[in-house]
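Here's a quick briefing on the model you're about to load. Have the viewer open and follow along, topic by topic.

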Amino acid sequence: MPIMSLPHLPKLLLARLQGKTPTLWINDRLEQSFAPSGDSTDAILDAQARMHRFAPLLADLFPELAETGGHIESALMPADALKRAVAPGGADDASAWFVKRDDALPVAGSIKARGGFHEVLAVAERIALERGLITAHDDRRVLGSPDARALFAQYTVAVGSTGNLGLSIGVMAAALGFDTVVHMSDDAKAWKKTRLRQRGVRVVEHAGDYAKAVAAGRTQALASPRSHFVDDEQSPLLFHGYAASARHLAEQLAAAGRTVDAGHPLFVYLPCGVGGAPGGITHGLKAIFGPHVHCFFAEPVASPCMLVQLASRSDSPVSVYDIGLDNKTDADGLAVGEASHLVAPLMVSQLSGVFTVTDDELFLNLRMLKDTLDVLVEPSAAAGVRGPDWLVTSPEGQAYVRTHHLDMREATHVIWSTGGSLVPPEAVKGFLEHADALARATERAGQAA
């Protein structure tokens, strides 16, 4: 699509995007009074109920979940030290920073466990009900039996992924006995492919980017009546699985003594790839907190697919390639050229804005998380670290705060960390070494100036 066909994309914004200049874009179509429909609210409640009734089975399948009784949740970590490092000028106000530790989610090690596990369990439940293996009121632990595994072995679960969604789908589907296939771009991280193959998952590699892997996987799955394709771009089951996580965050904030209302706004910063996970979480949070929660996505400067889609105001899909970007980034989970066709239209009314992050900043943020909180994540998971700084120091952020009459001194900031605990130690070592090299180069440049 030529640039000329995007008349609503402001020229200054386009220039900044094409120049890969870190940018905060504010969504002027945000509806402060937004509330999810009854059907959507029912779908979120259904996802929460499904994960609850499957918890005993998950505890049986995965020893890591025994302590939580099969419930998959992450800690909400106070981040005062990170606040002092990023925003020293605001260290004495009453605002509070937290890191939502989805990087440490049990079993799958990333945010993708939320939607991915939910969809696989929903598919397994449907098949078991249709085939008479269980009734609506039976204990779902039956689905871990040899009879259930024999039934599921007759079915294929497939997904297209850059890595973390593939890990969550692969781990869950293989544990239940499904024939499991993950379609990945050939530039996805080798260790993720290795881990999947160790679980008995078939990994099919495709030349090109994420979108091509998804398209190839979708086409192959549609050819078989007993194949279910987990579509990261268009799946309501994934979306509402992510949305279901909002309730636990609300409980954690209450337990931490953080009020969320007109005088105490909540800001949430979410790394964004295709948009399913951050979009679902945004949707769930809006259902609970309405106008008092302000969600911002963080995207790589080379892959700002949600920003481009929303800022273009186009009803048709728009790709980062359409504005001349290359979609090349070290944040492999965020290397997506085109936003979800399901999620982008929903975010028009719900998302506060998007900010972009260079790869160098991802690594420096990663190092900062390690130094201040002793948290180790993968580069993509560090994308949201400077979200609060954008709101306080940039002209766009300050204008947003004024427009919505927000008291930042009483705000709660949640930086969602999306993955990293399963990254091999040698890869983590490489991340930190690269970050240190960048820090030294920055220091030398400052001294020279």
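## Around helix α16

Right after α16 comes H405, with a positive phi near 55°. Keep in mind that this is a predicted model. The notes below start from that helix, then move on to the sheet, the annotated lysine, the salt bridges and one more helix.

**The two sides of α16**

- Helix α16 spans residues 395-403, and its buried residues include G397, Y400 and V401.
- Those residues sit on the same side of α16, because they cover an arc of only 100° around the axis.
- For background, an α-helix has 3.6 residues a turn, so residues three or four places apart point the same way.
- Look at the face turned away from the buried side and you'll find the exposed residues P395, R402 and T403.
- The cover over the buried residues of α16 includes strands β1 (24-26), β8 (266-271) and β9 (293-300), along with helix α15 (387-393).

**The parallel sheet**

- Four strands make an open sheet with parallel pairing, and their order is β6-β5-β4-β7.
- β6 (202-206) and β7 (227-230) are the edge strands, each pairing on one side only.
- On average, neighbouring strands of this sheet are turned by 20° against each other, ignoring direction.
- Five bridges hold the parallel pairing of β5 (residues 179-185) with β6.
- If you want a register check, V181 has R202 in β6 as its bridge partner.
- Helix α6 (residues 164-176) packs on the sheet and touches β4 (156-161), β5 and β7.
- The direction of α6 makes about 165° with that of β4.

**K112, the annotated lysine**

- UniProt, in an unreviewed entry, puts the feature "modified residue: N6-(pyridoxal phosphate)lysine" at K112.
- K112 is part of helix α4, which covers residues 112-130.
- Is K112 buried or exposed? K112 counts as buried because its relative accessibility is 15%, and the cut-off for buried is under 20%.
- Setting aside residues up to four places away in sequence, K112 touches F117, N164, L165, S168, D232, Y242 and A277.

**E125 and its charged company**

- E125 is another residue of helix α4, and it is buried at a relative accessible area of 4%.
- Beyond its neighbours within four places in sequence, E125 is in contact with R50, R53, F54, I134, R140 and L143.
- A network of salt bridges links E125 with D46, R50, R53 and R140.

**Other salt bridges**

- How many salt bridges does the structure hold? The total is 26.
- As a general point, side chains of opposite charge can pair when their charged atoms come close.
- R114 and E73 form one of these salt bridges, with their closest N and O atoms 2.9 Å apart.
- R114 belongs to helix α4 while E73 sits in the loop between α2 (38-61) and β2 (76-78), so this pair ties together parts 41 residues apart in sequence.
- In that pair, R114 counts as buried at 7% relative accessibility, whereas E73 is partly exposed with a relative accessible area of 24%.
- D93 and K83 form another salt bridge, again with the closest N and O atoms 2.9 Å apart.
- That pair links distant parts of the chain: D93 is in the loop between α3 (80-86) and β3 (96-101), K83 is in helix α3, and they are ten residues apart.
- D93 is partly exposed at 30% relative accessibility, while K83 is buried with a relative accessible area of 5%.
- D436 and R367 also meet through their side chains in a salt bridge, at 3.0 Å from N to O.
- D436 comes from helix α17 (residues 425-448) and R367 from helix α14 (residues 359-373), so the pair ties together parts 69 residues apart in sequence.
- D436 is partly exposed, with a relative accessible area of 25%.

**Helix α13**

- In α13 (residues 343-350), V343, A344, M347, S349 and Q350 are buried.
- What do the buried residues of α13 pack against? They pack against α9 (236-243), α11 (276-289), β9 and α12 (305-312).
- β9 therefore shows up twice in this briefing, since it is also among the elements covering the buried residues of α16.

Notes: Residues are numbered from 1 along each chain as its sequence is written. This is a predicted model: local features need pLDDT of at least 70, side-chain atom pairs count only at pLDDT 80 or more; totals for chains, interfaces and linings use all residues. Side-chain values use heavy atoms; hydrogens and water are left out. Two strands pair if DSSP finds at least two bridges between them. Helices (H or I, at least four residues) and strands (E, at least two) are DSSP runs, numbered from the N terminus. Axes are lines fitted to C-alpha atoms, for helices over the stretch in contact, and angles run from 0 to 180 degrees between N-to-C directions. Contact means heavy atoms within 4.5 Å. UniProt positions are given in the numbering used here, feature names are shortened, and annotations may be inferred rather than shown by experiment. Buried means under 20% relative accessible area, exposed over 50%, partly exposed in between (1.4 Å probe, protein chains only). The arc is that of the directions from the helix axis to the C-beta atoms. A salt bridge is a side-chain nitrogen of Lys or Arg within 4 Å of a carboxyl oxygen of Asp or Glu.
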